[in-house]
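Biologist: Before I trust any of the labels on this one, I'd like to go through them with you. Can you show me the model and then defend the wording?

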Amino acid sequence: MNRIIKKVAVLGSGVMGSRIACHFANIGCEVLLLDIQPKELSEKELKAGLTTDSTAFKNRIVNESLEFAVKSNPSPLYRKAFASRIKTGNLTDDLKLVSTCDWIIEVVIERLDIKLQLFEQVEQHRKPGTLVSSNTSGIPIHLMTQGRSDDFKAHFCGTHFFNPPRYLQLLEIIPTADTKPEVVKFLQDFGSKFLGKKTVICKDTPAFIANRVGVYSIMALFHAVEEMDLTVEEVDKLTGPVLGRPKSATFRTCDVVGLDTLVHVAKGLKEHCKNDEENALFDLPAYISKMVENGWLGSKTKQGFYKKVTNDQGKSEILTLDLKTMEYRPAAKVKFATLDMAKPIDDLKQRTKMLFMGMDKAGEFYRKIFGGLFAYVSNRVPEIADECYKIDDAIKAGFGWELGPFETWDLLGFDQGLKLIEAQGKKPAAWILEMKSKGITTFYKQEKGQKFFYNQLSGQYEIIPGTENLVLLDSLRAENTVWKNADATLVDLGDGILNLEWHTKMNTIGGGVIEGISKAIDLAEKEYKGLVISNTGQNFSAGANVGMIFMMAAEQDYDELNFAVKTFQDTMMRIRYSNIPVVVAPHQMALGGGCELSMHSDKVVAHAELYMGLVEFGVGLIPGGGGSKEFARRLSDEVKAGDVKINRLRDRFLTIGQAKVSTSAHEAFDLGYLREGIDEIVISRDFQLARAKQACLELADKGYIAPKREKNITVMGQEGLGIVYVGANSMVSGNYMSEHDQVISEKLGFVLCGGDLSENTVVSEQYLLDLERKAFVELCQQRKTLERLESLVKNGKILRN
């Protein structure tokens with residue numbers, strides 16, 4: 001039977017419940033969000049004349065929770081308007097409405113007795129066959145179905161979302177012995193394809209998978225601080241982006257999550273995991289107990305490991321907790337030779353190897369922490385998961401690690417991992433030693449476009465379930481690379497489709513990438529059906545290599561600069577007018593040149609988490625790789641379609657002039673970067689490349705014909721320029737804009753309006769590109785622009801290869 005999820009009930013509107021509701025609204029579901037009624041009228045309600053029978057009073061808790069969630073930053077919604085998909089109510093009057101829902105998710109307080117009472121009431125209204133799940137993070141799932149019907153039990157399991165649900169990929173699915181296998185399979189597929197999650201099937205063990213390993217890792221760090229005499233700043237420097245982990249690293253993450261939450265989980269593991277060989281590690285260090293006693297719980301109490309204060313100069317300052325004196329002090333600069341050696345290495349895998357080679361305290365720290373971690377995760381198989389990939393998937397998706405524990409072990413080498421374990425006086429699991437006896441020395445292998453894992457149950461390598469139909473660049477690269485240079489790689493995806501990726505710092509676009517784009521199109525036109533442009537980096541592209549542009553401008557090599565900009569423009573036009581379809585699949589940041597590249601493709605298959613924008617104005621420039629031209633072209637199409645041209649000019653101008661960046665792919669449509677009816681959104685990052693390949697094949701199989709170069713773009717000339725100039729002058733007069741910003745604004749307006757033309761005029765794309773390039777180069781000659789660029793270079797904010 002095909003199960004379709006159209007309407008979801010979320011019971012409980014706290015931080016998690018309201019945001020889970022928002023994410024289901026994101027994907028188009030109708031959501032019923034319910035919570036308890038308040039106990040008494042507030043002063044505000046009394047003044048308004050409300051009574052305890054008033055709907056506004058009964059729904060106050062749920063309405064305030066949803067309102068707070070919608071206003072929060074970052075937003076739980078792809079578009080604010082999606083909040084209209086959520087209907088609120090209370091558990092007393094409206095629980096009967098769950099009879100209309102396809103999936104009921106419980107997200108109330110973490111107390112088994114309350115959950116049991118709620119499920120008893122739910123069963124009175126639930127339709128047979130309706131899915132029911134709990135978002136509990138630690139209560140045993142099997143205890144929740146006590147007294148429930150067989151049908152309820154068969155359709156019940158744990159569905160543990162991580163906070164914030166929109167942004168953290170992990171969804172742990174915890175079935176009971178009574179859960180139907182087809183229900184588990186459905187939730188796994190729905191979670192990955194529709195919710196965009198990394199769905200991991202977990203055993204019903206304390207804290208499931210991610211928190212079991214993640215909290216162990218944090219507790220190990222807590223104890224290592226004392227053992228190795230490390231500071232808060234040092235640990236956060238060692239466990240942040242340099243290791244492929246979030247900027248919040250360890251202690252800042254604890255502040256954000258709340259130390260009380262972490263302590264609650266640690267105490268639960270201490271109590272319920274008596275047979276865990278690391279049980280003693282879940283004892284709280286003295287400084288943690290003192291912090292809890294003092295109420296220093298992190299962001300929620302305004303102080304934790306860090307504290308924000310106003311200094312004597314009236315400026316905000318972040319102080320750090322000294323774990324020895326338990327007093328706050330100014331942050332100290334962290335310096336380790338190992339970090340200095342690793343800093344220039346952009347590739348995470350190569351950098352990680354370097355970190356473990358360090359001979360200072362930093363290197364010792366990494367060897368100590370990972371020796372313990374490798375032993376711990378090996379001994380959690382098969383306790384919390386039968387397969388090693390589940391532990392890696394859970395910790396990466398739930399805690400934001402780029403490399404899972406077993407992936408890191410593979411990276412360092414099997415025998416090296418065993419040495420690290422032995423050096424810490426620990427023992428690996430028996431299945432690890434069995435691997436060694438068989439001569440098997442990796443947990444993963446890539447072969448014929450598939451990723452395999454070593455299954456300790458069968459003693460063989462098997463394809464990771466759920467990845468059979470994915471297109472995995474990491475698995476194709478070794479055997480299917482057809483061309484590469486230092487910056488870019490061309491991979492054959494099969495079925496006549498090529499993929500171009502690049503791997504510069506932050507995936508910036510420089511000469512090597514431009515060469516790669518030209519080579520990709522040349523090859524595709526000769527031997528393939530189409531081209532996809534995508535990559536596996538943390539971001540699609542942070543834009544053009546502005547550092548290189550600054551160097552040419554600073555040296556006043558304007559002819560060379562003009563040539564470089566024209567080459568970039570010509571490459572974008574090559575993408576648009578090639579004889580094969582070009583599909584771009586951006587994700588995360590697609591800024592500046594990354595945005596322009598997308599805008600010139602035949603189709604964009606965007607990941608939902610897309611932060612796209614033309615941001616050049618912020619560094620004193622206008623988009624010079626065809627972005628300004630493209631906005632002028634799209635403005636012309638919109639006016640021809642009947643839009644009010646002055647309004648559309650204003651919108652297009654402000655999008656570039658305010659360097660607006662979308663907060664989602666949906667907002668990228670609203671800002672005009674993506675095209676309605678042409679471009680599309682994919683929720684799942686895992687499925688994005690497969691869809692992009694399919695879209696490229698669809699274009700090719702329809703009989704793709706390159707579009708003709710456009711020569712009938714209507715520009716507004718002086719009619720639009722007058723509005724731009726008057727507006728910019730008014731902003732300067734009101735001290736809302738500097739005189740330099742006025743110059744940039746007028747250059748931008750000049751391009752968007754097609755120059756100083758006496759009337760609306762039809763022009764070509766090339767005419768607009770020439771205007772755009774001329775304005776770009778002239779702005780590079782502005783002293784203020786150079787000062788902005790120089791300041792950014794000195795502060796390390798401009799990326800250089």
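Modeller: Happy to. Keep in mind that this is a predicted model. Let's start with a pair of strands: strand 6 (residues 156-161) runs antiparallel to strand 7, with 5 bridges between them.

Biologist: What makes strand 6 and strand 7 count as a pair?

Modeller: The cut-off is at least two bridges between the strands. Strand 6 and strand 7 have 5, so they pair. One of the contacts links glycine 158 to its bridge partner in strand 7, isoleucine 174.

Biologist: And on which terms does strand 7 pair with strand 8?

Modeller: In the parallel sense, over 4 bridges, with strand 8 covering residues 198-201. Here isoleucine 173 has isoleucine 201 of strand 8 as its bridge partner.

Biologist: How do you know that strand 7 is mostly covered?

Modeller: By counting residues: strand 7 spans 170-175, and 6 of its 6 residues are buried. A residue gets that label under 20% relative accessible area. Both faces are covered as well, with Leu170, Glu172 and Ile174 buried on one side and Leu171, Ile173 and Pro175 buried on the other.

Biologist: Why talk about two faces at all?

Modeller: Because side chains in a regular strand alternate between the two faces of the sheet.

Biologist: Now the loop between strand 6 and strand 7. What is special about the peptide bond from asparagine 163 to proline 164?

Modeller: That bond is cis, with omega near 0°. Proline 164 sits in the loop you just mentioned, between strand 6 and strand 7. Another cis bond joins asparagine 73 and proline 74, where omega is about 5°. Proline 74 belongs to the loop between helix 4 (60-71) and strand 3 (86-90).

Biologist: On to charges. Why is the contact between aspartate 386 and lysine 203 called a salt bridge?

Modeller: The N to O distance is 2.8 Å, and the limit is 4 Å, so the pair qualifies. By this rule the count comes to 63 salt bridges.

Biologist: What does the aspartate 386 and lysine 203 pair tie together?

Modeller: Parts that are 183 residues apart in sequence, because aspartate 386 is in the loop between helix 15 (361-380) and helix 16 (388-399), while lysine 203 is in the loop between strand 8 and helix 8 (210-228). Aspartate 386 has 22% relative accessibility and lysine 203 has 30%. Partly exposed is what lies between 20% and 50%, so both get that label.

Biologist: How far apart in sequence are arginine 477 and aspartate 474?

Modeller: They are 3 residues apart in helix 20 (residues 473-480), which means about one helical turn separates them. Their closest N and O atoms are 2.9 Å apart, and they form a salt bridge. Arginine 477 is partly exposed at 25%, and aspartate 474 is partly exposed at 42%.

Biologist: Are lysine 629 and glutamate 630 buried or exposed?

Modeller: Buried, the two of them. Their side chains meet in a salt bridge at 3.0 Å, N to O. Salt bridges with shared partners join Arg576, Lys629, Glu630, Arg633, Arg634, Asp637, Glu710 and Glu765 into one network.

Biologist: What makes Glu555, Asp557, Asp559 and Glu560 a patch of negative charge?

Modeller: They gather on the surface, and Asp and Glu count as negative. To join a patch, a residue needs over 30% relative accessible area and no salt bridge. Glutamate 560 has 39%, so its area clears that bar, and the residue is called partly exposed. Glutamate 560 is in helix 23 (residues 558-577).

Biologist: And why is alanine 564 called partly exposed?

Modeller: Its relative accessible area is 25%, and that falls between the 20% and 50% cut-offs, so the label fits. Alanine 564 is in helix 23 too.

Biologist: Last one: what is unusual to flag about phi in phenylalanine 208?

Modeller: Phi is positive, about 60°, although phenylalanine 208 is not a glycine. This residue lies in the loop between strand 8 and helix 8, and at 0% relative accessibility it counts as buried, since the limit is under 20%. Asparagine 735 also has a positive phi, near 60°, in the loop between helix 29 (718-733) and helix 30 (739-752). At 71%, asparagine 735 is over the 50% line, so it is called exposed.

Terms used
Residues numbered from 1 in each chain as written. Predicted model: local features only at pLDDT ≥ 70, side-chain atom pairs only at ≥ 80, totals over all residues. Heavy atoms only, no water. Patch = residues over 30% accessible without salt bridge, like charges linked within 9 Å, V, L, I, M, F, W, Y side chains within 5 Å. Areas by Shrake-Rupley, 256 points an atom, 1.4 Å probe, with all protein chains shown as cover. Charge placed at Lys NZ, Arg CZ, Asp CG, Glu CD. Helix = DSSP H or I, 4+ residues; strand = E, 2+ residues; numbered from the N terminus. Buried < 20%, exposed > 50% of the residue type's maximum accessible area, 1.4 Å probe, protein only.
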